[in-house]
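Reader: Please introduce this structure to someone who has not seen it before. Which contacts between side chains deserve attention?

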Amino acid sequence: MRSPEFPPWGDCCQARNFGHGSVVCVCNATYCDSPGAVKLPPVGQFLSFLSSKAGSRLEKRQGQVQENSTGAALRLSIVPYQHYQKIKGFGGAMTDAAAINILSLSAGAQDQLLRQYFAPEGIEYNMVRVPMASCDFSTHLYTYTDTPGDYNLTSFTLEKEDTQMKIPLLQKAQALSPRPLSLFASAWSAPAWMKTNDALTGKGSLKGQPGGPEYKTWAQYYIRFLEEYGKYNLSFWAVTTGNEPTAGEMTNYSFQALGFTPKTQRDWVAKDIGPALHRAFPETRIIMLDDNRLLLPYWAKAVLSDIHAARYIHGIGVHWYFDKFAPADITLSTTHHLYPEYFLIGTEACAGWTPLDRGVTLGSWERAEDYAHDIMEDLNNYVVGWTDWNLALNPEGGPNWVKNFVDSTIIVDQKQDVFYKQPTFYSMAHYSKFLWEGSQRVGVSYSQRSSLESSAFIRPDQSVVLVILNRSEEDIPFEVWDPAVGFLSASAPAHSILTFLWATV
C-alpha cells in the first residue's frame with residue numbers, strides 16, 4: 001500500500017484524529033514535522049513552544065521581554081540562587097520490539113524516525129536503555145548462554161536481535177546525535193540454569209548466595225555483554241542491577257524476571273558485580289533498584305547503608321508504575337536528602353499498562369498530560385533524567401510474547417509505511433529538546449495559588465528553560481519575572497504544555 005502524499009515543505013504536523021481526544025502527527029519516508037534546530041534568541045527576546053489538546057505541536061513563537069510588569073495577577077518568579085540537581089538527560093528503550101518495528105519501515109521512513117528522536121532537528125534524546133537479552137517485548141525467550149553449567153560462559157554469544165537489529169540501529173542513532181549517547185543496560189533474567197526455579201519466568205532468584213558461583217557468573221555475564229557490544233563501538237554509560245527485582249519474588253510472574261531482595265542486591269553489588277565491573281569497565285556506573293519508586297527510601301537504606309555496596313553504586317533507578325500511590329516528596333526527595341551523592345533517574349515508563357486502560361490509544365492527550373506531569377514531578381524532586389519505554393511499537397502495542405501490550409510515543413504502521421507521533425512524544429520533547437545535560441534546576445515562586453505546574457532550569461550556556469503544564473479546563477494568563485532580564489507575558493491554554501527559552505547573557 002502506497003504511503004499518503006505529503007507536501008515536501010514546511011514543518012507542521014500532518015494531523016490525524018482517531019477520536020481519542022487529540023491528534024497524532026503522521027510521518028512517512030519523505031515528510032515529518034520537525035521542531036528543527038533551536039537557536040537561542042538574543043537577550044531581550046524569548047521563544048515559546050506550545051503543544052496542546054487543541055492540536056498545537058511544539059508551535060514556536062518569539063516574544064519581547066518587558067522592563068516592567070504586565071500587571072498579570074499570576075507571576076512566576078525565577079529564583080536563580082536556589083540550586084538543585086543537574087540534568088543527565090532523556091530517552092527511550094531500544095527493545096527487540098522497538099527494533100522490529102523501526103526495521104519494518106522503508107529505509108527512508110526508518111531514517112525519519114531515528115532523526116525525530118536523535119538528530120539536532122529532532123527532540124535530541126541523549127539516553128537509550130538497552131535490554132540484555134530478551135524481555136517481554138521480544139518475540140521469544142532467550143539469554144546469551146543457555147548451556148547448562150557453563151560457569152565460564154564459553155558459549156556466551158549475542159543473538160541476531162542484537163547483531164542484526166538493535167546494534168545497527170544504535171549505531172545509526174549515535175551517528176545522528178551530535179553528542180555521545182548515554183547507553184544503559186538492564187537484564188530481565190539470568191539463564192534458567194543459574195536460577196532456583198530453572199526458568200526465565202516466574203518466581204526465581206540466583207542459586208546459592210552472593211559471592212557464590214552463580215552470583216560470580218552472573219556478574220561476568222554483564223562484563224561479557226559490555227565486551228561484545230564494545231566490539232561494535234558501543235560503550236555503556238551505566239548498567240542497572242536488574243529490571244524490577246521485586247517481580248522475581250512474585251509467584252507465577254508471567255514473564256522474564258530475576259528476584260532480588262534489598263539484602264541480596266546489596267551483597268551481590270558488594271561481592272560480585274561491583275568489583276567485577278570496577279576492574280573491567282571502571283567508567284561504567286551502577287544504577288541500583290530499577291523498580292518502582294514506592295520501594296523508596298526503604299530499598300536505598302537497605303543497600304546504601306552498607307559501605308561495601310555503596311562504594312560501587314552511583315545512582316538509583318525508578319519506574320513510574322504506581323506513582324499515584326507513592327508521593328514524590330516521601331519517596332524521591334526523602335531518598336535524595338538521605339543520600340545526596342547518589343543520583344535519582346527514571347529508567348522506565350509507558351502509558352497503556354493498566355488493565356482498565358490497556359494498549360495503544362492513538363491521539364490520547366490524557367496520556368500526554370500524565371507523562372508531562374510525572375516528568376515534572378520527578379524533576380522537582382531531584383530526579384536527573386527520565387527514560388521512556390519502547391521507542392516504537394505497532395498499532396497493537398507489541399510485539400510482546402506474553403501479550404503485555406502497552407502504548408508508545410511512536411506507533412509504526414508497517415502496511416502504510418508510516419509512523420504516528422503520539423501526544424506523549426511531544427510531552428517528552430518539551431523536556432528532552434531543551435534541557436541539555438548539565439542544566440541545573442532552580443527555584444520558581446508563585447505570587448498566588450495556581451493550578452499551573454512548572455519547573456525551571458539554567459543551562460550551561462546560562463540561558464533559562466521554563467516548562468509549564470496546564471492540566472485545567474481554563475486558559476491561564478500569567479507573567480514570568482527573571483531578575484536577570486525582566487518580564488515575559490504569556491498565557492497557558494487549557495490542557496497544554498509550554499516551554500520557554502531565553503538568554504541572560
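**Charged pairs, buried and exposed**

Reader: Does K421 count as buried or exposed?

Author: The model is predicted, so local features need pLDDT of at least 70 and side-chain atom pairs pLDDT 80 or more, while totals for chains, interfaces and linings use all residues. Residues are numbered from 1 along each chain as written, and side-chain values use heavy atoms, without hydrogens and water. The relative accessibility of K421 is 0%, and buried means under 20%, exposed over 50% and partly exposed in between (1.4 Å probe, protein chains only). K421 therefore counts as buried.

Reader: With which residue does K421 form a salt bridge?

Author: A salt bridge requires a side-chain nitrogen of Lys or Arg within 4 Å of a carboxyl oxygen of Asp or Glu. For K421 and its partner, the closest N and O atoms are 3.2 Å apart. The partner has a relative accessible area of 3% and is therefore buried. The residue is D33.

Reader: How many residues apart in sequence are the parts that K421 and D33 tie together?

Author: Helices (H or I, at least four residues) and strands (E, at least two) are DSSP runs numbered from the N terminus. K421 belongs to strand 17 (residues 418–421), whereas D33 sits in the loop between strand 2 (23–27) and strand 3 (45–52). The parts joined by this pair are therefore separated in sequence by 388 residues.

Reader: Which residue forms a salt bridge with D378?

Author: The closest N and O atoms of this pair are 3.0 Å apart. The pair links distant parts of the chain, since D378 is in helix 9 and its partner, 85 residues away, is in the loop between strand 10 (285–292) and helix 6 (298–304). D378 is buried because its relative accessible area is 2%, and the partner is buried because its own value is 1%. The partner is R293.

Reader: By about how much of a helix are E227 and R224 separated?

Author: E227 and R224 form a salt bridge whose closest N and O atoms are 3.7 Å apart. E227 counts as partly exposed at 36% relative accessibility, and R224 is also partly exposed, at 22%. Both residues lie in helix 4 (residues 213–230), and because they are 3 residues apart, their separation is about one helical turn.

Reader: Which residues are linked with R224 and E227 in a network of salt bridges?

Author: R224 and E227 pair with one another, and they belong to a network of salt bridges. The other residues linked in that network are E228 and K231.

Reader: How many salt bridges does the structure hold?

Author: The pairs K421 with D33 and D378 with R293 are among them. For the structure, the number of salt bridges is 27.
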